[in-house]
Amino acid sequence: MKTKIAIACQGGGSQTAFTAGVLHALLEAGIQKEFDIVSLSGTSGGAVCAALVWYSIKRGEEPAWKRLLDFWKDNTAQSHDEQFFNDWVVHWVRAINSGTWPSLQLSPASLILQSMMGYFSVGKRKAFMDFTELLKTHIDFDEIASWGPIPEKPVLVVGAANVLTGKLRKFVSGKEVIRVEHILASCAVPSIFPAVEIGKEAYWDGLFSDNPPVDELIRPIFVGPENLAEEIWLIKINPTTRDTIPSKPDDIFDRRNQLEGNVSLFQQLTHLEMLNDMLIGGAFKDEFLGKLGIKAPVRIPKSFDDDMDRPYHIPCIEMSEEVQRALDYEGKIDRGSRNIDILINDGRKQARKFLDARMAVVGN
């Protein structure tokens, strides 16, 4: 019987090209033949990658990774004008964050900024300059609307934050039709995009919510009792550790962004660890667990991300140390081909190492 897995994708702007590389390698290796992919979740750029793969799987496309790579090709600067614009933005933001250039605060919704973007868009592809257009080019949201809510696997879970109520929001394909606004809401970094209004509510980047949604993947109320994951594979963008204490303004800003991107994730993992400890310790009656559709966690002989035996298993697929050290905050807005290619290739490499390590430990 196939092991049920969920794949959770952390956000991180352009750096989630790494996630695209990971998903490409996993799908190219045929994990869908060996494992039962019951759910996908994501935040921000991770939500985009998860949604593209979910859409491809739902449509029965082969290979399921082609649409994902096509998206990232379109999202990468191609012409000289696009590369010049990309480099100018990256260097400008880097100069501001390092304190060598004064900061000019403009609302993403301001007419001045919108006029500037209209001017800069001349001579460039619309899909490169207009994120909504890019999403609609690669996902037919009208087709998704014709499907209606789909409770069958895989279930897509997208995280966002409600600006007005302060509450977390999960857009779940099994409960509602996934719309382009849901993906945009998860990606709405306040300094770059205006809040996304859906009905009477408004949403910002899922970074303030779950980065990415994890505990929802083992809760029947979100994914359904038949789609509970036995293993969660986490594609992680923000580094956990750092070798030196940041002292320069840009280093401080970069490290603060990394910590903010990880805080909700670590809170969820701590919650799951406590829940697993309680399950293993017999804190709940089987009758009660049965009503919730919760089973005892799968026991893995040995975790391959450390030397400890654990009865629960949420392995991380992370960038190589070399790539992590070379990146900074501005790398999250850098859509230059060199940056994107490095990230995608490292994602492929780390995914293959992950699969080899899992096979060596688990034996399937």
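In the predicted model, W88 lies in helix α5, which spans residues 80–98. With a relative accessibility of 37%, W88 counts as partly exposed. This tryptophan contributes to a nonpolar surface patch of about 470 Å², whose other members are F84, W92 and W101.

The strand pairing was examined next. Strand β2, formed by residues 35–42, has eight of its eight residues buried, so this strand is largely enclosed by the rest of the structure. Strand β2 pairs with strand β1 (residues 3–9) in the parallel sense, and seven bridges connect the two. Within this pairing, K4 stands opposite D36 of β2. Strand β2 also pairs with strand β3 (residues 155–162), again in the parallel sense, over four bridges. Here L40 has L156 of β3 as its bridge partner.

D36 also takes part in a contact between charged side chains. Its carboxylate meets the side chain of K153 in a salt bridge, with an N to O distance of 2.9 Å. The pair links distant parts of the chain, since K153 belongs to the loop between α9 (141–147) and β3 whereas D36 belongs to strand β2, and the two are 117 residues apart. The partners differ in their exposure class: K153 counts as partly exposed because its relative accessibility is 41%, while D36, at 15%, counts as buried.

In total, the structure holds 17 salt bridges. As a general matter, side chains of opposite charge can pair when their charged atoms come close. R125 provides a further example, with two acidic partners described here. With D74, R125 forms a salt bridge in which the closest N and O atoms are 3.6 Å apart. This pair likewise links distant parts of the chain: D74 is located in helix α4 (residues 66–74) and R125 in the loop between α6 (111–120) and α7 (126–129), at a separation of 51 residues. R125 is classed as partly exposed on account of its relative accessible area of 24%. The side chain of R125 also meets that of E82 in a salt bridge, at 2.9 Å from N to O. This second contact connects the loop between α6 and α7 with helix α5, in which E82 is found, and the two residues are 43 positions apart. E82 is buried, its relative accessible area being 1%. Elsewhere, R59, E61, R67 and E143 are joined into one network by salt bridges that share partners.

The cysteines were considered last. A disulfide is, in general, a covalent bond between the sulfur atoms of two cysteines. The count of disulfides in the model comes to zero. C49 is in no disulfide, and the nearest cysteine sulfur, that of C9, is 6.4 Å away. Because the criterion requires the two sulfur atoms to be within 2.5 Å, the separation of 6.4 Å between C49 and C9 does not qualify. C49 counts as buried, with a relative accessibility of 0%. C187 is likewise in no disulfide, and its nearest cysteine sulfur belongs to C49, at 9.4 Å. At 6% relative accessibility, C187 also counts as buried.

How values were computed. Residues numbered from 1 in each chain as written. Predicted model: local features only at pLDDT ≥ 70, side-chain atom pairs only at ≥ 80, totals over all residues. Heavy atoms only, no water. Patch = residues over 30% accessible without salt bridge, like charges linked within 9 Å, V, L, I, M, F, W, Y side chains within 5 Å. Areas by Shrake-Rupley, 256 points an atom, 1.4 Å probe, with all protein chains shown as cover. Salt bridge = Lys/Arg side-chain N within 4 Å of Asp/Glu carboxyl O. Buried < 20%, exposed > 50% of the residue type's maximum accessible area, 1.4 Å probe, protein only. Pairing = 2+ DSSP bridges.
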